[in-house]
Structure formats: C-alpha cells, structure tokens
2 protein chains.
Amino acid sequence: MATRAIHEAESRGRLSRERVLDAAMTKADTAGLEAVTMRQLAESLHVAPMALYRHVANKDDLVDAMVDVVFGEIGVPSGGGDWKSAMRRRAIAVRDALARHRWAIGLMESRRTPGPANLRHHDAVIGRLRAAGFSIAMAAHAYSALDSYIYGFALTKLNLPFGASDDVGDVAEQMLRPFPIKDYPNLVEFISEHVMQPGYEYGDEFEYGLDLILDALDQTVAPGSETSSDRLPER
Amino acid sequence: MATRAIHEAESRGRLSRERVLDAAMTKADTAGLEAVTMRQLAESLHVAPMALYRHVANKDDLVDAMVDVVFGEIGVPSGGGDWKSAMRRRAIAVRDALARHRWAIGLMESRRTPGPANLRHHDAVIGRLRAAGFSIAMAAHAYSALDSYIYGFALTKLNLPFGASDDVGDVAEQMLRPFPIKDYPNLVEFISEHVMQPGYEYGDEFEYGLDLILDALDQTVAPGSETSSDRLPER
DNA sequence: CTCCGCTGTGTACGCTGTACACCGTAGCGA
DNA sequence: TCGCTACGGTGTACAGCGTACACAGCGGAG
C-alpha cells in the first residue's frame, strides 16, 4: 500500500498509451527526437523501461503514433473560400506544425503504416481539390508539387541550419571559414549581400515559393477564367 | 611476415580515408545507411573497428564526407543553354543522384559542416542564376523554391513508400486495409482510379512540378519578353 | 476465497559509437 | 648499420541503445 501510494503520487496514476505518447511528444519537442529513447522516456514517466512495452508495440509504433499526432494537429483544410486559399492555409498549417515539431520533418511522409489522422488529412486535401474541379490526375500533380515543396522547405530550412535564433550570418561565415573565400565568389556575395543583411529571414522564402506554385497551378487549371468548377485538362 | 602477407592479400593494401569512404558508400547504397556501422564497415574492410578512426574523426565526419561525395557526383550545372534548361538539368541530376543514394535524402542539406563539393555546387548554381540576370533576392527565391521542391520530392517519393519495384497498388491497399474504406472515399478513389492504374509511376510527377516552377519563375523574371539578361524586379 | 489476467519490474543479450593503452613496423637521421 | 620516432592497426572496455523473457503484485470476476 505504501509502495502503491508513493508510486501513484509520482506518476499521477496508471500508465496509458496516451500518457506515453504525451511524454514522448514533449521530450521530442524540447530535447529532440534523439532524446526519445525508451529508457529516458521511462525515466521521465517514473517507470521501468519495459513498462512502456505494455502500451506501445515497439519504438517504431511509438514514432508512428507521434507522427499521427502531428497530422491531427494540422487538421483538415477548413471549409470556406476557393481551393487556392484553402491549400494556402493548409500549407501554412503544415509548416507551422513542423515548426512546432521539428523532429517530425522527414518522418511525416516516411511511415509505412500511416495513422488515421494521416489518412483523414490526405483524404480531405484530395477531396478539396476534386470538389474544386481538379481531375484526378491534376489533383495528383497539384498535391505532389505542393507537398514536395512544403516538406522540402521544412527540410532545407531545418537543415542548412541557421538554427532558429542563431545569427544566420555567423553560421554562414563559419561554414565558409575553413575554405579559401575566392573559390566561392557567388556564395560569398550571396551571404554577405543578402543573408547577412539585417531583416533577412530565410523562413520568409516559404510564402514566395508557395504562391508561385499556387498561382502556376491556378493558371494551369483555369487558364484565362477566374473561377473554376468543372473538370479541366490534366496537362 | 606471414601475417603481414595475408593481411595485405585480404585488404588489398593499407587503409586510407578514400577506401573507408568507398566502402561506406557501397554499403549505404546496397544495404542502407543503418547498415553503415563502424563495426560492419570495419568488417567489410577486414580490419578492426578502431582502425577506421585513424582515417575519419568519428561517424559524423564519415557521413559528412559521404554527403560530399554525392554533391561531387551531381557536379555543377554545365555550360550551354539558358538558365532554365541549366536549372532543369541540375534538378534532374540531383534527383538521379538521390535515386542512386537514397540514404542521402534528408542529409544533403542538413550537414552543419558542408564539404567543398557542396559549396562548389551551391556557388555554381547561384552563379548561373546571377549570370542569367537574376537579382540576388530573386536568385534566393528561385534557389529556395527549386531546392525545396527537389529535396521534398525525393523525400516524399522515398517515403510514401512505394519502394522502387513494389507493386504500388498493393502497398497502398495494404496501408488502407486496417481502416474502414468508407471513411476515406477520396483516398480510395484516388488510389483505385489513379495510383493502381497500369503505367502509373509516381516518379513521373517530378518533371511536372519542376516545369511548373521553372515556368513560373521564368514568367516572373521576364514577364512578356522571352530572353532575359538584365536585373529584374524581385517580387 | 480463489483464480485469472493485466500491468509494471529485473535481468540479460546483442548491438551501437568510441576512449584508451598498446604494439609492430616503416622510414628516418646518425 | 643501428636506434628512434611516428604512424597505423589492435584489443579491451564502457556507457547507452532496443527489447526478449520470466516474474511479481494487484484488481476484478467467478
């Protein structure tokens, strides 16, 4: 009884898949995905490592579930407006979710076993495009182009690192330091004249490319006209 | 002496950074990046694990070098033609390199310490755009949009798995099996009417989106005209 | 009251990256 | 020719990983 009481006090009740998932998300968000080990996760839940296996099949199952939580947060493209603004809002929702959960980038589309939120999301986006008059093939084109861009942007932004609040110029300069500057004149100009300028924010590039693609799709799908509600040529 | 002779016969001479790198690339290409462990790598070189550390600082250094080899294979956009076809060729070269080295996807832009081939590549691409009359800001827009798309496509293609020669339809159907079909009508239609059709190849989507972006950039950079050789508006 | 089943535990195995001390040899200066 | 040094390869060891397996304690059903 004493043991039980103490244990309850420490862990605020029994373990559950949801509590495991919550702890994993928090840990990943704050300490990175590499900090999400079964052992560390168990420790932060005040539980033995093997206890987790009563609630997740294995680590892959856990990661699958985490990714599905992110899809859940993204939700589905909300009702109003034309397809273009719906897709624009969705793109930004995805970007924002990936900004909150940087560890999910590169995992979102890579799971061999998509969860329900994942499927619901894809279903809704395709549905939205079809309702706007996209043929199946054209919806595939649009979805592929948009998703590639969105995930790719997140990926390159995550990477080429400019980590959040680091001074971008410092990082860039540091990457170049070991090399003779004269070998990379365009890169040097690019960094000193653009990246290091005050007010530069790589994240701002996102909407430029996004609108580029959305406008191009719009032109393809409704060349000349401005409202589209019928099946239109694929290519 | 006997020992030495045997050892030489097995390993075809001394170890070197290059031999380590070659073995690592081969292993990653054939068995995936997760098979590239210091121990397995050492074994395939007939050498003790710790021997590798005389030639690479640590595993991160090794992976950095592997990524730079991929950039080396991509090369720089070759001379002739307008910027659009140069960028198109580059995009396809990147896609092909990533197809040869699937493990590199997600690593290409993520290394905090880019190698010389990486920098040379970026320098050349920026240089090509600048030479075609792109302002610095416009070059940034174009580069960001293109790279996001290219890497994102590789990422989503790698992922949503349809692994190479698997039957795409089978995989898709299998992903849906655990769920009630009626919950995802658009997805079901999409898969059965499009993805499962004979001749469908997701990889074909790449050039559609690529040309969409290239044409859109072209229109932005030279609205109306068909040859561009001067600085033009950023946005 | 007894028993079953569920949940959490402890131990153990094989794998990972890599620190550290060691040793044989090749190549050099004397 | 000798002796030394520096370098490349080895063996051992440690901490940390995912997880298989046998077990224990408790709650609820019969």
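Okay, let's start at a phosphate: a polar side-chain atom of Gln40(A) sits 2.9 Å from a phosphate oxygen of DNA strand D. Before I go on, keep in mind that this is a predicted model, and every distance I quote is computed from it.

So who else touches the backbone of that strand? Thr37(A) has an N or O atom in its side chain 3.2 Å from a phosphate oxygen of DNA strand D. Lys59(A) joins in through its backbone, where a polar atom is 2.9 Å from a phosphate oxygen of strand D.

Now zoom out a bit. How many residues surround DNA strand D? There are 18, and the closest are Arg39(A), Ala48(B), Met50(B), Arg54(B) and His55(B). Look at the chain letters there: Arg39 comes from chain A, and the other four of those closest residues come from chain B. As for what the protein meets on the DNA side, sugar and phosphate make up 45% of the strand D atoms that come within 4 Å of the protein.

Which element gives the largest share of the surface near strand D? That's helix α3 of chain A, residues 38-44, with three residues. By class, the surface near strand D has eight nonpolar, four polar and six charged residues.

Over to the other strand. DNA strand C has 19 residues around it, and the nearest are Ala48(A), Met50(A), Arg54(A), His55(A) and Arg39(B). Here 42% of the strand C atoms within 4 Å of the protein belong to sugar or phosphate, and the rest belong to bases.

The phosphate contacts on strand C include a few from chain B. Thr37(B) puts a polar side-chain atom 3.1 Å from a phosphate oxygen of strand C, and Gln40(B) does so with a polar side-chain atom, also at 3.1 Å. Met38(B) uses its backbone, with an N or O atom 2.9 Å from a phosphate oxygen of strand C.

For the surface near strand C, the largest share is three residues from helix α3 of chain B, residues 38-44. The classes there come to nine nonpolar, four polar and six charged.

Now, how do the two protein chains relate? Chain A lands on chain B after a rotation of 180° with 0.0 Å of shift along the axis, at an RMSD of 0.0 Å. The two copies are therefore related as by a two-fold rotation axis. If you want to find that axis on screen, go to Gly152(A): its C-alpha is the one in chain A nearest the axis, at 1.7 Å.

Why do we say the copies meet through the same surface? Because 98% of the interface residues of chain A are also interface residues in chain B.

Last stop, a pocket. The second largest one has a volume of about 510 Å³. It is lined by 11 residues, and closest to its centre are Leu33(A), Glu34(A), Trp103(A), Ile105(A) and Leu107(A). Helix α4 of chain A, residues 59-74, gives the most to that lining, with three residues. And the make-up of the lining? Six nonpolar residues, five charged and no polar ones.

That's my tour; happy to rotate it for anyone.

Key
Residues are numbered from 1 along each chain as its sequence is written. Chains are lettered from A and ligands numbered from 1 in the order in which they are written. This is a predicted model: local features need pLDDT of at least 70, side-chain atom pairs count only at pLDDT 80 or more; totals for chains, interfaces and linings use all residues. Side-chain values use heavy atoms; hydrogens and water are left out. A residue is near a molecule or strand if one of its heavy atoms lies within 4 Å of it. A polar contact is a pair of N or O atoms within 3.5 Å; within protein, one must be able to donate a hydrogen and the other to accept it, and residues adjacent in sequence count only if both atoms are side-chain atoms. Helices (H or I, at least four residues) and strands (E, at least two) are DSSP runs, numbered from the N terminus. Ala, Val, Leu, Ile, Met, Phe, Trp, Tyr, Cys and Pro count as nonpolar, Asp, Glu, Lys and Arg as charged, and the others, Gly among them, as polar. Copies are superposed by least squares on the C-alpha atoms of residues with pLDDT of at least 70 in both. Contact means heavy atoms within 4.5 Å. On a 1 Å grid over the protein atoms alone, a cavity is a set of points where a 1.4 Å probe fits but cannot get out, and a pocket is an open set with protein on both sides within 12 Å along at least five of seven lines; lining residues have an atom within 4 Å of a point. Grid points are joined across faces, edges and corners, and a volume is the space filled by probe spheres set on the points.
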